[in-house]
Amino acid sequence: MKSPGLFSDIGRKAKVVFPVVCDRKVTLSTVSASGVGITSTAVKKGLYYLDMSSEYKHKNTLISVKVDTESNVSATLILSKALPSTKLAISVKLPDCNARKISTAFKVSEHLPYRKLAVSVKLPDDPIRLKLHYFHENATFATVVCMKPSPVVEFSGTIGVKGLAFGAECRYDAARGKFRKYRAAISMASKYYDAALIMADKGDTIKVYSLCHFDNKQKASAVVEITRKLSKKENKLTVGGLYTAGAGWLYGRLINRENLAALLQLEVKPKSHLMISSEFDMKALDRPPKIGLALALIP
């Protein structure tokens with residue numbers, strides 16, 4: 001069944017998400033015959049920072065341990081489907097281990113016809129959360145209820161047909177007895193483009209996203225993001241482009257004619273990638289550009 005999608009999905013494809021890595025980073029991963037995976041990561045941030053993680057997965061159980069150069073040790077145990085549609089995660093971090101540092105997360109998720117219900121709780125700090133999603137051919141509805149420290153309810157809904165959707169979202173604070181958040185949006189999508197207009201901050205902020213594909217295989221794409229702050233009369237323009245060739249791709253981005261960045265990813269071997277990034281401040285021509293290098297090797 002096709003539906004307009006959730007309100008949080010409006011404009012997601014067209015949003016400029018460009019993780020420029022301006023640090024030197026090397027990642028090595030391996031998996032033994034018994035199913036134990038080991039990953040080592042070294043990052044150059046002033047002094048070198050190194051961490052090593054290991055995980056073991058057996059059926060519905062996952063055990064993960066991570067150690068870094070700052071003598072921090074963290075361990076996580078995840079039990080999936082211990083009961084029908086449930087997930088339990090317990091994590092602890094040393095040397096700061098005490099009753100308040102042990103995190104326990106419990107989640108129940110049930111998929112029903114046209115509906116998805118999820119209840120989650122993370123102790124001791126996070127509140128109990130209740131999520132309900134309802135999907136229909138021409139409409140979707142979502143609500144999130146947080147029970148602590150005071151009840152907060154978020155409502156969102158979208159209506160539309162193929163290629164066109166309207167949506168709205170609001171948040172109600174039970175302690176104050178009033179609505180604190182309003183957002184509205186409209187989106188249009190097809191095989192060759194994805195565009196959205198979002199009004200946030202009670203209409204004070206207007207965002208426009210646009211993604212355009214230039215071929216059927218979506219190898220070449222262009223992205224534009226425009227943000228207008230009415231109260232401050234501020235504008236922000238971001239343009240970007242993406243070109244994919246096999247397992248490699250090249251991405252470029254320019255923000256307000258000030259910040260220029262590029263990211264190149266190459267596949268050196270199956271499942272192993274080399275990423276080269278650069279970021280340049282066009283208003284500070286005397287400064288050298290930032291150069292980043294990341295290498296991920298997986299056997």
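**Largest pocket and nonpolar surface patch**

In this predicted model, 29 residues line the largest pocket, and those nearest its centre are Ser-3, Pro-4, Lys-13, Gly-163 and Ala-189. Two or more lining residues come from each of strand E11 (152–161), strand E12 (164–173), strand E13 (178–189), strand E14 (193–200) and strand E15 (205–213). The space in the largest pocket amounts to about 790 Å³. By residue class, the lining of this pocket comprises 11 nonpolar, 10 polar and 8 charged residues.

A nonpolar patch of about 730 Å² is found on the surface. The residues that make the patch are Ile-159, Phe-166, Ile-186, Leu-197, Met-199, Val-208, Val-224, Ile-226, Leu-237 and Val-239. At least two patch residues are supplied by each of E14, strand E16 (220–229) and strand E17 (234–245).

Two residues of strand E11 were examined individually. Ile-159, a member of the nonpolar patch, is located in strand E11. The relative accessible area of Ile-159 is 52%, and this residue is therefore classed as exposed, the cut-off for that class being over 50%. Gly-157 also belongs to strand E11. Its relative accessibility is 24%, so Gly-157 is classed as partly exposed; a buried residue would have a value under 20%. The C-alpha atoms of Gly-157 and Cys-170 are separated by 9.5 Å in space, while the two residues are 13 positions apart in sequence.

Note on methods: Residues numbered from 1 in each chain as written. Predicted model: local features only at pLDDT ≥ 70, side-chain atom pairs only at ≥ 80, totals over all residues. Heavy atoms only, no water. 1 Å grid on protein atoms, 1.4 Å probe; cavity = no way out; pocket = protein on both sides within 12 Å on 5 of 7 lines; lining within 4 Å. Points joined across faces, edges and corners; volume = space filled by probe spheres on them. Helix = DSSP H or I, 4+ residues; strand = E, 2+ residues; numbered from the N terminus. Nonpolar A, V, L, I, M, F, W, Y, C, P; charged D, E, K, R; others polar. Patch = residues over 30% accessible without salt bridge, like charges linked within 9 Å, V, L, I, M, F, W, Y side chains within 5 Å. Areas by Shrake-Rupley, 256 points an atom, 1.4 Å probe, with all protein chains shown as cover. Salt bridge = Lys/Arg side-chain N within 4 Å of Asp/Glu carboxyl O. Buried < 20%, exposed > 50% of the residue type's maximum accessible area, 1.4 Å probe, protein only.
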